[in-house]
Amino acid sequence: MLRKFCLAILVFATLLFAEAPVAVEAYDEQSNDPNQATLRIRLTNHTEDTLQNVRLRYFLDDEKGRDLTLSPYYLPGATLSIDTLDFCLAVNINFSKLAPGVFPNDAGMSLGLYYSDYGPFDKDENFSYPGTDSFVDAKRIAVYLEGVLIAGESLTDRDVPQIRISAFQPEKAARGQWVKLKIRQVFFCKFMHKKQIFPF
């Protein structure tokens, strides 16, 4: 818990004063195919450090009764998994290490997504779908560093500590300045149309 708290403070400060430490660009190589998406993804690590335990999450609707199939055409150094969330799925692309600079190269990685019945994919309805046939900033593909959201938007932040400043005491003769930080968790899914706060 303390480690996540310290990491959350670091990420909070980074996001306040600089660009996101990791940027994601993506496009669909099969933009004209209604039955699949072939994502071309590249990352840029803007820091000077090799980041450990990085996870990308691509969010899409959970079509009950259909099996999502992943085809890792080119994902060097990555592992894949799928999480079933509340009313949504998250395709996880996990990296043990992410060196500074562009990864894996300017051409990016390639991942195919389709349903085992080869029916319509409705990819335009996916929360994270980039919707283009050339690289664009993919702000809806979330990036996590050791479980903490550091870039992009997420449909669920249930496992990610968020920092909120809840009080500020101006400096007085008898007391110094202080800021009270409160850790909370936020859960959001577009189908619920609202946010709910889940305290620890």
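Student: How much area does the protein expose, and what share of it do carbon and sulfur atoms supply?

Tutor: The exposed area is about 11000 Å², with 52% supplied by carbon and sulfur atoms. Accessible areas here come from the Shrake-Rupley method with a 1.4 Å probe, and for residues only the protein chains shown count as cover. This is a predicted model, in which local features need pLDDT of at least 70 and side-chain atom pairs count only at pLDDT 80 or more, while totals for chains, interfaces and linings use all residues. Residues are numbered from 1 along each chain as its sequence is written, and side-chain values use heavy atoms, with hydrogens and water left out.

Student: What percentage of the 200 residues is buried?

Tutor: Buried means under 20% relative accessible area, exposed means over 50%, and partly exposed is in between (1.4 Å probe, protein chains only). Buried residues are 42% of the 200 in the protein.

Student: How many helices and strands are there?

Tutor: Helices (H or I, at least four residues) and strands (E, at least two) are DSSP runs, numbered from the N terminus. The protein has one helix and 14 strands.

Student: How many aromatic pairs does the structure hold, and how is one read?

Tutor: A pair of aromatic rings is described by the distance of the centres and the angle of the planes. Rings of Phe, Tyr and Trp (its six-membered ring) pair if their centres lie within 6.5 Å; planes under 30 degrees apart count as stacked, over 60 as edge-to-face and the rest as tilted. The structure holds five such pairs. In one of them, F59 and F127 have ring centres 6.1 Å apart and planes at 80°, so this pair is edge-to-face. F59 belongs to strand β3 (residues 51-61) and F127 to the loop between β8 (109-115) and β9 (136-137), so the pair links distant parts of the chain, 68 residues apart. Both F59 and F127 are buried.

Student: Which class fits Y115 and F121?

Tutor: Their ring centres are 5.3 Å apart and the planes stand at 45°, so the pair is tilted. Y115 is buried at 1% relative accessibility, and F121 is buried with a relative accessible area of 1%.

Student: Where does R66 lie relative to Y115?

Tutor: A charge sits over a ring if NZ of Lys or CZ of Arg is within 6 Å of the ring centre and within 35 degrees of the ring normal. R66 lies over the face of Y115, 4.1 Å from the ring centre.

Student: What is the phi of F87?

Tutor: Most residues other than glycine have a negative phi. F87 is not a glycine, yet its phi is positive, about 70°. F87 lies in the loop between β5 (78-84) and β6 (88-98).
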